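Trainee: I would like to take a close look at a single part of this model before turning to anything else. Could you walk me through one strand, its surroundings and its pairing, and then place it against the wider picture of contacts?

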2 protein chains.
Amino acid sequence: VKLSPSFHRRKIAELQRRLAEAALDGLLVFKPPNLYYLFGFFFIPTERTIAGWIPAQGEPALFVPRLEAEHASGVEGLARLEVYFEHLGPPLPADWIAERLRRWGASRARLGYEDGLPSGTLARLQKELPGASWSAEGGRAVADMRRVKEPEELALLRKAGEYADFMVAAAADAVRQGGLPSEIELAQAAHQAVLARMVAELDELVYAGGVSGGLVCAGPRAARPHGLPSAARPRPGDCLVLSFGCSVGGYHAESERTYFVGEPGPQFRAMQAAVLDAQAASLERLAPGQACAEVNAAGLQALRAAGCDDLIRHRIGHGMGLEPHEPPWLEEGDPSLLRPGMVVSVEPGLYLAGQGGCRVSDTVAVTTAGPQLLTSHPRDLAAMILEP
Amino acid sequence: VKLSPSFHRRKIAELQRRLAEAALDGLLVFKPPNLYYLFGFFFIPTERTIAGWIPAQGEPALFVPRLEAEHASGVEGLARLEVYFEHLGPPLPADWIAERLRRWGASRARLGYEDGLPSGTLARLQKELPGASWSAEGGRAVADMRRVKEPEELALLRKAGEYADFMVAAAADAVRQGGLPSEIELAQAAHQAVLARMVAELDELVYAGGVSGGLVCAGPRAARPHGLPSAARPRPGDCLVLSFGCSVGGYHAESERTYFVGEPGPQFRAMQAAVLDAQAASLERLAPGQACAEVNAAGLQALRAAGCDDLIRHRIGHGMGLEPHEPPWLEEGDPSLLRPGMVVSVEPGLYLAGQGGCRVSDTVAVTTAGPQLLTSHPRDLAAMILEP
């Protein structure tokens, strides 16, 4: 399971149209997820430069180190593969890429580059191509295209959501089996279970960077939204955040639930209710034409209305796709409007220092028929109580 | 097990001396490993800006999102912690950081920044602090300090090397137990085994980004140096590359061995012998005062002398520490001289398309008394033959 060769061809063609419209002669792409999106080329990122060149007209090219040459030669329909030996050259890969662009007639071209391009790399390219003009604006075309998912991307995300749900269930089951495993053991149990299922069910794993990740934190450790699994064991009375992500064909979904070891007290009952209300309030607004900032405001407002203002530590959500976090952002600073095919997390959370936290996250697609949940593990309080 | 608070204090003081010498007023630090090195602050990197400000004189500051505020407040001796809400603000974190620097009198300062700083962030900072001057050169001070490891860093690296060796042994044992597990299963077996041992032996895991990683590739898949574990099983007659890395207290070591499922044929015997000879040739030159490029040349020359020129796909090695790959680089483009306390991989490899590959990697410290191997799993051909 991965994207089809025709998907990548379509995306290259669409990018070329956008470059022409923006009066750019070509775009240099360095971000690994963008290279996968355009070329279907998935690799382990290291310090070695790997880049793509997409001219507004003509054949795209890939630049790779010798280490990846055989791998890159498997990219379908690639007319130009340029290979250097190692990451410091000589010459330095940025200089070597610039030399090829000169040879291909781009000495005075209008070139786009990505916002995230390291400033040192940009400086070398500018020095080696002094007659070219450089546009960060044009470099945002790929990020913009990636915001809206096509049906084959949504199919991968749906499968990833199914697996993320399965990881939450596997970790909860490990608690139910007794003995209160440590946070690390719970994370491992979920990874083992999903990997076995993926190997059995999928014809190919796109494994770069791992296929699954997880945050498992119990009790006071759950008061930190980005706490990491530790060797500590949950204790009776603890909340237990089970937060798992999974990638299928490179596309990432997440499922997060907050469990309780035994009956929660009144404060955690109230926090859990507030989080579920906030999620419902944001989902209600998750429709084409709504502003991301408004979906965020609705969720945060529900948390405040429940008297939990002091316990808020983060926004309502973020886009998902080839990156676990990507645009659009369900936060105040993103005024962009939702479109059908966008996929976001909806994950209100509340955190009480020294005691714990509650967060519920689902992966949700925006459609004209309303929000479509790609994760659907139970979330009601009654289903969240574990008796180990 | 992690670095001591006094380590971080010393590093901040050393950096301040270097900034003063370079006539800089301060340095902005964005790279996660540099923030850990200077502040002891380890976190899950996301799109949210986390930055440190180290003035040449006076108190350093950390800039974090609300999500990490409680976590960052645990940094010992930190006088200034500045907290923003979310990653797009408003205002944008880069603008908000610039505003604080202005308030702290840095409007016309000479500022250092890191080479890897995204060009978009640098552009915003420059726009918001138009009177400041900006030096990439000065930003290299932290990377330069990190090249040479102190005894407490070496102790962490030694432990990490022990665990990496243990992972190789665990995966080889899983093959010996029979049934020829898949590459993914072998990788998982190694991770499970080392995690259980780390939880039992270490008082604290610095778990950010995972504590262990692995490449497991058999037969034709091993012909790609950066191949990823697949659901395929090694077959009798295959080579089997077991390449594992492990982090202790944030410090990373690697151990890689090439096994054979049954007796290898003459070609793989010759490749394995050439790789071991090349490793010995590079280790012989791994001494203070030697140029990195020369250590690389000695190893590659040994591979060529064995008639394997066509099978070379990469350099001899790379530095290791808070990053799995970091300076110095054992490759042609790094003329820098080795110093006592540097730690590098020495990992010659040979790759035969469609058939397999041989690579042997050890993590090695440079000392005045000769190279000190931090990994020591057996490597002779006789020990590499598995009879499942």
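Mentor: In this predicted model, strand β9(A) is covered on both faces: Tyr251(A), Ala253(A), Ser255(A), Arg257(A), Tyr259(A) and Val261(A) are buried on one side, and His252(A), Glu254(A), Glu256(A), Thr258(A) and Phe260(A) are buried on the other. The division into two sets follows a general pattern, because side chains in a regular strand alternate between the two faces of the sheet. Counted along residues 251-261, 11 of the 11 residues of β9(A) are buried, each of them falling under the cut-off of 20% relative accessible area.

As for the pairing, strand β8 of chain A, which spans residues 239-248, runs antiparallel to β9(A) and is joined to it over 10 bridges. Within that ladder, Ser247(A) has His252(A) of β9(A) as its bridge partner. The connection between β8(A) and β9(A) is a hairpin with two residues between the strands, and Gly249(A) in the turn has a positive phi of about 60°. A further pairing, in the parallel sense and over two bridges, joins β9(A) to strand β17 of chain A, residues 385-386; there, Val261(A) stands opposite Leu386(A) of β17(A).

To set the strand in its wider context, we can turn to the interface between the chains, where 50 residues of chain A are in contact with 50 residues of chain B. The area buried between chain A and chain B is about 4,700 Å², with carbon and sulfur atoms giving 62% of that area. Six salt bridges are counted between chain A and chain B, and one example is the pair of Glu47(A) and Arg315(B), whose closest N and O atoms are 2.5 Å apart. On the side of chain A that touches chain B, the elements that give two or more residues are α3 (69-72), α5 (119-128) and α9 (183-201) of chain A; the largest share, five residues, comes from α9(A). By residue type, that side of chain A divides into 23 nonpolar, 13 polar and 14 charged residues.

Over all chains, the whole structure holds 78 salt bridges. One of them joins Glu128(A) to Arg102(A), with the closest N and O atoms 3.8 Å apart, and this pair links distant parts of the chain, with Glu128(A) in helix α5 of chain A and Arg102(A) in helix α4 of chain A, 26 residues apart. Arg102(A) itself is partly exposed, at a relative accessible area of 33%.

Methods. Residues numbered from 1 in each chain as written. Chains lettered and ligands numbered in written order. Predicted model: local features only at pLDDT ≥ 70, side-chain atom pairs only at ≥ 80, totals over all residues. Heavy atoms only, no water. Contact = heavy atoms within 4.5 Å. Buried area = accessible area lost by both parts, 1.4 Å probe. Salt bridge = Lys/Arg side-chain N within 4 Å of Asp/Glu carboxyl O. Helix = DSSP H or I, 4+ residues; strand = E, 2+ residues; numbered from the N terminus. Nonpolar A, V, L, I, M, F, W, Y, C, P; charged D, E, K, R; others polar. Buried < 20%, exposed > 50% of the residue type's maximum accessible area, 1.4 Å probe, protein only. Pairing = 2+ DSSP bridges.
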